[in-house]
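Biologist: Could you walk me through a structure I have never seen before? I would like to learn how to read its features one by one.

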Amino acid sequence: MSEPSRPVPHRPGAVSLFFVAKAGVFAAGFWCWLLVLVSHAERVTGAHVLAATGAVTTTLVGVVLGVRLALQRNAAVRHAELKRLLVDISWNAFAAAGNAETPAKVVPFPTLSPDIERPGGRGRGDRFSAFDRSAGNERAQGRDRDGSGDRRR
């Protein structure tokens, strides 16, 4: 049975790749300019310093952006794999719980047994309002200043 086709993980970097390529083009331009200046001049001028500075700076920027792009792509692949692993784990736990022949094979979720009395004297299906100040609610009586159940003045 073949593996189901899964969507390709998000791969960041279209904008980052543009800037890496742009830095590479500028670096190549500066290196070519420096090479031309060095081959045609006898002495070092300000243009040589500018070309060398631009070449080194754009090369370093290109390398830093390239490393950042590689790290982003690697993190995106790891994140997609982690999500896929969590889905597989949860699906396998769900399938194991449904297919278990005995309850000992699967750790059940903690639940209250129907025999345990719920706090506040409420039954299993009883609902109450947060604004209910009935006489059966001990906490509401303890908080009232005058004990009448009405806090409004």
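**Reading the helices and their contacts**

Modeller: Gladly! Let us begin with a single residue: His48 is found in helix α2. Please keep in mind that this is a predicted model.

Biologist: Is His48 buried or exposed?

Modeller: The general idea is to look at the relative accessible area, and under 20% means buried. His48 has a relative accessible area of 9%, so His48 is buried.

Biologist: Which residues is His48 in contact with, leaving aside its neighbours within four places in sequence?

Modeller: Those contacts are Leu34, Leu37, Val38, Ala41 and Arg43. Two of these names come back in another list, since Leu34 and Leu37 are among the buried residues of α1. You can also compare sequence with space: His48 and Trp33 are 15 residues apart in sequence, and their C-alpha atoms are 8.7 Å apart.

Biologist: Let us step back to the whole chain. How many helices and strands are there?

Modeller: The protein chain has three helices and zero strands. Read from the N terminus on, the order of elements is α-α-α.

Biologist: How much of the chain is buried?

Modeller: Of the 153 residues in the protein chain, 12% are buried. The accessible surface of the chain comes to about 13100 Å², and carbon and sulfur atoms account for 63% of that surface.

Biologist: And what share of the contacts with a separation of 6 or more joins residues 24 or more positions apart?

Modeller: That share is 52% in this chain.

Biologist: How do I check the length of a helix such as α1?

Modeller: You compare an expected span with the one in the model. At 1.5 Å a residue, the 27 residues of α1 should span 39 Å, and the end C-alpha atoms are 39 Å apart, so the two agree.

Biologist: Which residues of α1 are buried?

Modeller: They are Ser16, Ala23, Ala27, Leu34 and Leu37. Take Ser16 as a case: its relative accessible area is 14%, so Ser16 counts as buried. Beyond its neighbours within four places in sequence, Ser16 is in contact with Arg68, Leu69 and Gln72.

Biologist: What about Ala23?

Modeller: Ala23 has 10% relative accessibility, and therefore counts as buried too. Not counting residues up to four places away in sequence, Ala23 touches Thr58, Val61 and Gly62. Ala23 and Gly66 are 43 residues apart in sequence, while their C-alpha atoms are 9.7 Å apart in space.

Biologist: Now to aromatic rings. How do I describe a pair of them?

Modeller: A pair of aromatic rings is described by the distance of the centres and the angle of the planes. This structure holds two aromatic pairs. Phe18 and Phe19 form an edge-to-face pair, with 5.3 Å from centre to centre and 70° between the planes. In the pair of Phe30 and Trp33, the centres are 6.2 Å apart and the planes are at 40°, so this pair is tilted.

Biologist: Where do Phe30 and Trp33 lie?

Modeller: Both lie in helix α1, which covers residues 14-40, and they are three residues apart, about one turn of the helix. There is a general reason to notice such spacing: an α-helix has 3.6 residues a turn, so residues three or four places apart point the same way.

Biologist: How accessible are the rings' residues?

Modeller: Phe30 is partly exposed at 23% relative accessibility. Trp33 is partly exposed at 33%, and Phe19 is partly exposed at 40%.

Biologist: Which residues form the salt bridge?

Modeller: The structure holds one salt bridge. Glu81 forms it with Arg84, and the closest N and O atoms are 2.7 Å apart. The two residues are three residues apart in helix α2 (residues 46-99), so about one helical turn separates them. Glu81 is partly exposed at 43% relative accessibility, and Arg84 is partly exposed with a relative accessible area of 24%.

Biologist: Which residues form a nonpolar patch on the surface?

Modeller: Leu82, Leu85, Leu86 and Ile89 form one, with about 380 Å² of accessible area together. One of them, Ile89, lies in helix α2. With a relative accessible area of 49%, Ile89 is partly exposed.

Terms used:
Residues numbered from 1 in each chain as written. Predicted model: local features only at pLDDT ≥ 70, side-chain atom pairs only at ≥ 80, totals over all residues. Heavy atoms only, no water. Phe/Tyr/Trp six-rings, centres within 6.5 Å; stacked < 30°, edge-to-face > 60°. Buried < 20%, exposed > 50% of the residue type's maximum accessible area, 1.4 Å probe, protein only. Helix = DSSP H or I, 4+ residues; strand = E, 2+ residues; numbered from the N terminus. Expected span 1.5 Å × (residues − 1). Contact = heavy atoms within 4.5 Å. Areas by Shrake-Rupley, 256 points an atom, 1.4 Å probe, with all protein chains shown as cover. Salt bridge = Lys/Arg side-chain N within 4 Å of Asp/Glu carboxyl O. Patch = residues over 30% accessible without salt bridge, like charges linked within 9 Å, V, L, I, M, F, W, Y side chains within 5 Å.
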